[in-house]
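Q: I would like to learn how to read several features of a protein model, going from helices and strands to cores, single side chains and cysteines. Could you take me through them in turn?

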Amino acid sequence: MPRVRLVIYVLVAASVVRAESSRFERDAQLFFKTHCLRCHDAEKQKGDFRLDNLSRDFANSLAAEKWAEVMTRINTGEMPPQKDKNPKPTSGEVGKVVEWINAEIDAGRAARMAKRGPVAHYRLSRDEYAATVYDLLGVHYDVHAPGAFDEDPRWHGFERIGSQLSLSPSHVSRYFKAAETVLERAFATHQPESTIDRHDAVELRHRHYRKQLEALGIADQVRIVMFPRFREAKFDVRDAGRYRVRIQLSGLQPKDGPPPHLSLWHEQLKRSIYDRDILAPEDKPEIVEVELSLSPGDQVRLVNEVPKEFNEVGNHTFNVINSTHSIFLGTNDSRFINPTGYKFIDDEGKALFPLLLLDWVEVEGPILTDEDLKKREGLYPAKEDLAEARASLKRFAGRAWRRPATDLEIDRYVKIVEGEMTAGEKFPSAYMAAMSGVLVSKNFYYITEGSVAKPRDTVNEFELATRLSYLLWGSMPDPALLDEAKVGKLKTPEGLKAQMSRMIADKKSSRFTDAFPKQWLQLHKVGMFPPDPKRYPDYDNWLEQSMILESSSFFGEVFARNLSIREFLDSKWTMVNPRLAMHYKLPPLDKSGFQRVALRPEDHRGGLLAQASMLSATSDGTRHRPVHRGVLVSEAIFAKTPPPPPPNVEPLEPTPAKSPKATIRQQLEAHTTHATCASCHAKIDPLGFAFDNYDAIGRYRKTEQATGEGDDPMVKAHGKMPDGRAFDGPAQFKQLLAENTDEFAEAFVEQLATFALRRVMTIDDRSQIKAIAEKSKKTDYKLRTLLENFILSDLFRKR
């Protein structure tokens, strides 16, 4: 009898639930008909969105995502729009429709998750490949060299998204070439000897006069004057490896001008591979030391890299400075300076240009450290027999594939050794062929998660170790992490937390603090449209690089000190070097490199959005672009990508010469009067208008340089946030963002998860993203604590 009552109770309860669900659906449809369909039906689709035929198959991920967007816009009050003259829905009506959509999304979750494949493959990005090869064998392979690896496709700045990183035949052929090169360098029969070559100023420029200079007793006092853009002291590389370069030099900085700047220019890559502002005075030269990974045939030159305006010194200058008739000893000794030469110091001994004074250059290498040699231990057989080969190959494959290799898998590679030797190859060559096979296996250049034989919803121990190492190190797990995975310690929060702390303390974690902000903030766009040199003569390569480095250094500082992510929105400090301090009109710095500086209100900086990288990345080289700035703010801060513009949108035309000058904002407001354009621009443009006080290279201004007649118009940087809060200027805008850190925190967790999990987040991840953000709120959203909460979450373990 009790069982019968239970069955009846279940049936009655189910019928009640169905009736309740039907009632909620009727309420929702009435809501849509009353408040939504007049703008989003078959006849009219504002914002290019139609609701009347939106699929209600919530098992479909795309349909569920669109319904989630509908729910968000209704719940936040964005829809129906505030300007709508029709009656607004009550809070109760909104609550019912939101509850119905949310219930339907939840009901379809299991079906959506079931549609995911049992196995996911994620190809390594080229930078991850290079880091993995180095951590595996201690060999630096330059994936950016011409003809090495193609640039990886990006998804909103991220280079690690599995769906974007496809595999083509050209990839495979380049993997073969890379594997052969790496193994040849790691296990060469004769490793090249390390040498030290040192050349002083006399050797570099006046070698034929050394005896005369020594007789005069001044050979050790000679210096080379390096003018702006002048290339000096080339050194060639014979053997691949790590090289230590030491340079003694000082600088002469002109009044109100930039400091001289040392750049090591790579002739093959056509870019600088090391940069440093030189502030050391003439009488106290400094020794700059840097280690570089170089390949055979590479050529590196020293360059005084400063803005182009200082490059207009003419060929006559360089001819004179190159002349053996001019011997420079110092600004106070002109005995050996050609009197007909170009004047580069004034009567008071002050520099007219940023000048480098070079004393000597020393190059040591290739350097092979004990740490790199240790990585190769046990990977090459001690004896030339198949049993030794099998054992070594199993160790090598286990490390390279980031999991234990099975005997069946190793059999294939042992057969390669046997086959090569049968064909007449000697054992070393045959074994290297098998090792090459391990590196061109998909098990190496693909991160694989899941199992066809045993489908599961979470990653296993070794997959978790790999996911953690590629998040924090951008590379493979080390032996310590693999050992923890092997004994099951990563299953526990304590074990996972301990490994995270250990890995963050490792210098390899700098790969995370460098890669994540660059991808999250889409910093690859900086310099995409080089600024017009006539309009922005102060812009140069070092300023461009400094902009990017400010943002990554800023992120690194927040990470190192475990500060709140609120600092990304607004801060009273930033990270600058001498070049950027000058660009921002901050007080001059007395030392090189990036350093934390306090900001004053009149500096108009603070947070990420007022940094030159973010401001210049959204410019076209001539003028700022408020719409593009608004899109970047929407994506980086709110994790929302606005819809693309409709086709055949007319671009903004410059103001005619005889018309009154107008700001870009004024032109845009006239351009977006059309209803189709206005609906989207109303949400995007204010996010960009907030930063109209900054020009195309991120300089603060109060008036906007424009074409036409009359005075340059005043900048108007006011507007309203998506939630209706008003602001006037970038400072108020950033303050409003900081007041709503909760929303930013969820968006930040989503960006972090996209980077870590190598896929686009979906509606099925939102509850977990929200839970991570809410947990992090308890500690004021401190960055490292938030990262820990993410790593310990179910989302990080989920496939």
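The dialogue that follows takes one feature at a time.

A: Gladly, and one caution comes first: this is a predicted model, and every value discussed here is computed from it.

Q: How does one read a helix, and what span does helix α5 reach from its first C-alpha to its last?

A: One sets the end-to-end reach beside the expected rise. Helix α5, residues 126-137, has 12 residues and spans 17 Å between its first and last C-alpha, close to the 16 Å expected at 1.5 Å a residue. Just after α5, glycine 138 adopts a positive phi of about 70 degrees.

Q: Is α5 mostly covered or mostly uncovered?

A: Burial is read residue by residue, and here 11 of the 12 residues of α5 are buried, leaving the helix mostly covered. Among them are charged residues, including Arg126, Glu128 and Asp135, as well as Tyr129, Val133 and Leu136.

Q: How should I read strand pairing, and which strands does β9 pair with?

A: In a regular strand the side chains alternate between the two faces of the sheet. For the pairing itself, one follows the bridges: strand β4 (residues 231-236) is joined to strand β9 (residues 299-304) by four bridges, and the two run antiparallel. Aspartate 236 has glutamine 299 in β9 as its bridge partner. Strand β6 (residues 261-266) also pairs with β9 in the antiparallel sense, over five bridges, and there serine 263 is partnered by valine 303.

Q: What should I look for in a nonpolar core, and which residues touch the most other members of the largest one?

A: It helps to begin with the most connected members. The largest nonpolar core has 90 residues, of which Leu471, Trp520, Phe568, Phe733, Phe748, Leu787 and Phe790 touch the most other members. Helix α26 (residues 741-757) supplies the largest share of this core, with nine residues. Leaving out residues up to four places away in sequence, phenylalanine 733 touches Leu609, Val633, Leu687, Ala690, Phe691, Met721 and Phe727. A second, separate core of 47 residues includes Trp401, Ile410, Ala434 and Val440.

Q: How do I read the setting of a charged side chain, and is arginine 629 buried or exposed?

A: One combines accessibility with contacts. Arginine 629, in helix α22 (residues 626-638), counts as buried because its relative accessible area is 3%, under the 20% cut-off. Its side chain makes a polar contact of 3.4 Å with the side chain of threonine 618, and a polar atom of that arginine side chain lies 2.8 Å from the backbone oxygen of aspartate 695. Beyond four places in sequence, arginine 629 also touches other residues, including Leu615, His624, Phe691 and Tyr694.

Q: Which residues is glutamate 463 in contact with, leaving aside its neighbours within four places in sequence?

A: Glutamate 463 lies in helix α15 (residues 461-472) and is in contact with Thr448, Glu449, Gly450 and Arg456, those neighbours aside. At 9% relative accessibility, glutamate 463 is also buried.

Q: How many disulfides are counted, and why is there no bond between cysteine 39 and cysteine 36?

A: A disulfide is a covalent bond between the sulfur atoms of two cysteines. The count here is zero disulfides. For cysteine 36, the nearest cysteine sulfur is that of cysteine 39, 8.7 Å away; cysteine 39 is not bonded to cysteine 36 because that separation of 8.7 Å is too far for a bond. Cysteine 36 is itself buried, with a relative accessible area of 11%.

How values were computed
Residues are numbered from 1 along each chain as its sequence is written. This is a predicted model: local features need pLDDT of at least 70, side-chain atom pairs count only at pLDDT 80 or more; totals for chains, interfaces and linings use all residues. Side-chain values use heavy atoms; hydrogens and water are left out. The expected span of a helix is 1.5 Å times one less than its number of residues. Buried means under 20% relative accessible area, exposed over 50%, partly exposed in between (1.4 Å probe, protein chains only). Contact means heavy atoms within 4.5 Å. A polar contact is a pair of N or O atoms within 3.5 Å; within protein, one must be able to donate a hydrogen and the other to accept it, and residues adjacent in sequence count only if both atoms are side-chain atoms. A nonpolar core is a set of buried Ala, Val, Leu, Ile, Met, Phe, Trp, Tyr and Cys residues joined through side-chain atoms within 4.5 Å. Two strands pair if DSSP finds at least two bridges between them. A disulfide is a pair of cysteine sulfur atoms within 2.5 Å.
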